[in-house]
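Student: I have a new structure to look at, and I would like to understand the words people use for it. Could you take me through them?

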Amino acid sequence: MMLASMIAFDGSLFVERMVNGLAEGSIFAMLALSLVVVFRSTGQLNFAQGEIGLFGAFVVSTLTLSGVPAWGSILIAMAVGFVLAASIERVIIRPIEHRNPGTVVVAAIGLFLGINQLHSLIWGPDARSLPSVFPTGADDFFRLFGAAIYWQRFGIFLLLLVLLGLLWLLFNHTKVGLAMRAVANNQESAGLTGMRVGSVLMIGWGLAAAISVLAAALLAPSAGLSAALMFGPFLSASAAATLGGLDSPIGAVVGGLTLGVLKAFIIGYIPFLGGDMVFTVSLVIILVVLLVRPGGLFGSERVERV
Amino acid sequence: MSALLSVEGLKAGYGPIEVLHGFDFTVNDGEIVVILGANGAGKTTTMRALSGMIPHRGTITMAGAALPSRSDAVLRAGVAQVPQGRGTFTDLTVEDNLLCGAYTRKSEVDEDIERWFDVFPRLRERREQRAGSLSGGEQQMLAIARAMMSRPKLLLCDEPSLGLAPLITQELFRVLEDACRSDGLSLLIVEQNANLALALADRAYVLETGTIVAQGTGAELLADDTIKQAYLGVG
């Protein structure tokens with residue numbers, strides 16, 4: 001079967017798999033972006049990032065069930081996630097972050113477990129379905145090189161591009177964005193230039209959470225909304241962020257999309273590796289990249305003159 | 001002249017270790033004051049205490065009001081600092097560093113950037129470069145320009161000569177003096193480079209192991225034999 005697919009190369013199938021990979025990769029990329037936003041300001045990998053996003057997806061579910069339109073629900077849930085994460089930064093992370101490097105990691109693992117249990121407590125153990133924000137009908141597709149491209153997949157990729165544009169504007173053309181970059185670079189100097197470092201960190205955590213909520217809410221319609229939804233995507237996103245370079249937003253996106261497409265191609269073209277082995281193969285590839293470039297593909301190498 | 005900054009009984013340190021043992025000093029409007037001290041005398045600790053980077057005891061009054069204790073609020077009260085080791089945002093471009101300096105301001109930011117590019121043309125040439133790629137002298141220029149972008153009433157400089165060639169130090173001191181005379185800025189410099197600093201100073205204090213042991217005009221201290229021996233390596 002593998003031989004057959006190799007010999008009779010099917011162009012439209014290739015494009016279809018590519019788009020499917022880009023759609024899932026966009027979810028990884030969004031999650032990886034939120035990891036990078038927090039990492040740049042605190043130097044920590046936030047293990048609870050996926051769960052914060054999932055919390056938002058459950059909020060979306062509650063809102064849509066009570067009649068709020070899907071788009072509106074997601075925006076509200078993103079705001080809820082923003083406030084939740086900003087509060088977590090202020091109340092839990094900030095008092096402990098200067099004690100020693102391990103404390104934040106332990107706190108984040110605690111948050112991961114705590115929020116995960118909270119989902120079951122509030123919303124019960126049963127999986128829910130979440131409506132897609134894109135048209136999901138059988139003929140909601142357009143043709144590209146003969147391949148049927150479904151809006152519910154392609155739309156996710158488009159949303160990633162919109163998100164990137166907004167983030168670029170935020171970081172490069174607003175005062176808040178300048179302050180976030182400054183605080184990520186040197187907190188002490190940021191304070192000396194009049195920036196309220198604590199507020200900037202809260203905004204960073206909030207922003208990361210809002211992006212995670214978007215990722216979870218886009219993933220849930222196809223994968224089903226349950227307490228275990230984000231385990232796999234979070235691992236993939238961590239791998240994507242590591243691959244791209246933990247301090248590089250561009251790296252997070254390239255890493256996420258690469259991982260998504262890789263996964264789709266492995267499942268499609270190397271069936272004997274498909275299914276459970278996909279993640280392992282991806283990790284091996286990442287390991288090889290990191291052996292050659294320890295900072296990740298786009299991570300800064302920090303050459304500095306003193 | 002009235003005191004712009006007035007410090008009384010300043011004590012500060014790190015954890016249980018007290019570095020500053022309670023001393024007084026003032027900086028008047030438009031005045032250049034130098035605190036001279038050897039390594040470990042408490043110069044940087046003094047600067048960090050003033051800018052709220054470490055907690056302190058004692059009274060610090062700025063223009064008649066208590067100086068706030070958080071560094072962002074200290075800046076908003078008109079006190080900017082050029083920290084030891086420059087403290088530039090190494091990942092940001094030269095221009096973004098200057099924009100950060102103007103973070104608390106809204107108008108005439110572009111004009112001020114041009115002004116400091118005129119003062120330090122080398123920064124203009126490197127405006128799109130990452131600050132981390134600049135030389136030590138250029139980084140010190142950037143640090144001074146960034147602090148000045150907030151249009152402070154008082155500028156604190158922590159050992160601006162550290163690690164710089166004497167010619168560059170001289171150039172920087174000349175720029176600082178010009179800014180002082182033209183903008184009515186007050187300047188507090190801590191230094192161990194006595195020669196250059198005392199020549200610049202209206203008044204100076206000598207700090208030894210956390211206490212002020214001598215004070216006078218720059219000229220008086222330059223002529224003082226014990227100062228000469230301790231800080232100028234003559235006599």
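Student: What makes up chain B in terms of helices and strands?
Tutor: Chain B has ten helices and ten strands. Helices (H or I, at least four residues) and strands (E, at least two) are DSSP runs, numbered from the N terminus. Please keep in mind that this is a predicted model, where local features need pLDDT of at least 70 and side-chain atom pairs count only at pLDDT 80 or more, while totals for chains, interfaces and linings use all residues. Residues are numbered from 1 along each chain as its sequence is written, and chains are lettered from A and ligands numbered from 1 in the order in which they are written.

Student: Why is chain B called as compact as a globular protein of its length?
Tutor: Set the value against the rule. The radius of gyration, taken over C-alpha atoms, is compared with the globule rule of 2.2 Å times the number of residues to the power 0.38. For 235 residues that rule gives 18 Å, and chain B comes out close to it at 17 Å, so the description fits. Along its principal axes, the C-alpha trace spans about 45 × 40 × 35 Å.

Student: What share of chain B is buried?
Tutor: Buried residues make up 48% of its 235 residues. A residue is buried if 20 or more other C-beta atoms, placed from the backbone, lie within 10 Å of its own (exposed if 12 or fewer, partly exposed in between).

Student: What makes β3(B) largely enclosed?
Tutor: Six of the six residues of β3(B) meet the buried criterion, so the rest of the structure largely encloses this strand. Both of its faces are covered, with I32(B), V34(B) and L36(B) buried on one side and V33(B), I35(B) and G37(B) buried on the other.

Student: How do you know that β3(B) pairs with β8(B)?
Tutor: Two strands pair if DSSP finds at least two bridges between them. β3(B) and β8(B) have five bridges and run in the parallel sense, so they pass under that definition. Here I32(B) stands opposite L187(B) in β8(B). Five bridges also join β3(B) to β9(B), again parallel, and V33(B) stands opposite R203(B) in β9(B).

Student: Which sheet do these strands belong to, and what makes β6(B) and β10(B) its edge strands?
Tutor: It is an open sheet of six strands, in the order β6-β7-β8-β3-β9-β10 (chain B), with mixed pairing. β6 (79-82) and β10 (211-217) of chain B each pair on one side only, which makes them the edge strands. The twist averages 15 degrees from one strand to the next. Within this sheet, five bridges join β7(B) to β8(B), which run parallel, and L156(B) has L188(B) as its bridge partner.

Student: Why does β5(B) count as an edge strand in the other sheet?
Tutor: That open sheet has four strands in the order β2-β1-β4-β5 (chain B), with antiparallel pairing. β2 (17-28) and β5 (65-66) of chain B each have a single partner strand, so one side of each has no neighbour in the sheet. β4(B) and β5(B) are joined in the antiparallel sense by two bridges, and the bridge partner of M62(B) is A65(B).

Student: Now chain A. Why are α2(A) and α9(A) called roughly antiparallel?
Tutor: Helices α2 (residues 11-42) and α9 (residues 197-223) of chain A pack at an angle of about 170 degrees, with their axes 8 Å apart. Angles under 35 degrees count as roughly parallel, over 145 as roughly antiparallel, 65 to 115 as roughly perpendicular and the rest as oblique. The angle of this pair therefore makes α2(A) roughly antiparallel to α9(A). Axes are lines fitted to C-alpha atoms, for helices over the stretch in contact, and angles run from 0 to 180 degrees between N-to-C directions.

Student: How many charged residues does that helix contact have?
Tutor: By class, the contact of α2(A) with α9(A) has 16 nonpolar, four polar and no charged residues. Ala, Val, Leu, Ile, Met, Phe, Trp, Tyr, Cys and Pro count as nonpolar, Asp, Glu, Lys and Arg as charged, and the others, Gly among them, as polar.

Student: How many residues of chain A are in contact with chain B?
Tutor: There are 19 residues of chain A in contact with 26 residues of chain B, where contact means C-beta atoms, placed from the backbone, within 7 Å. The largest share of chain A's side, six residues, comes from α7(A).

Terms used
Contact = placed C-beta atoms within 7 Å.
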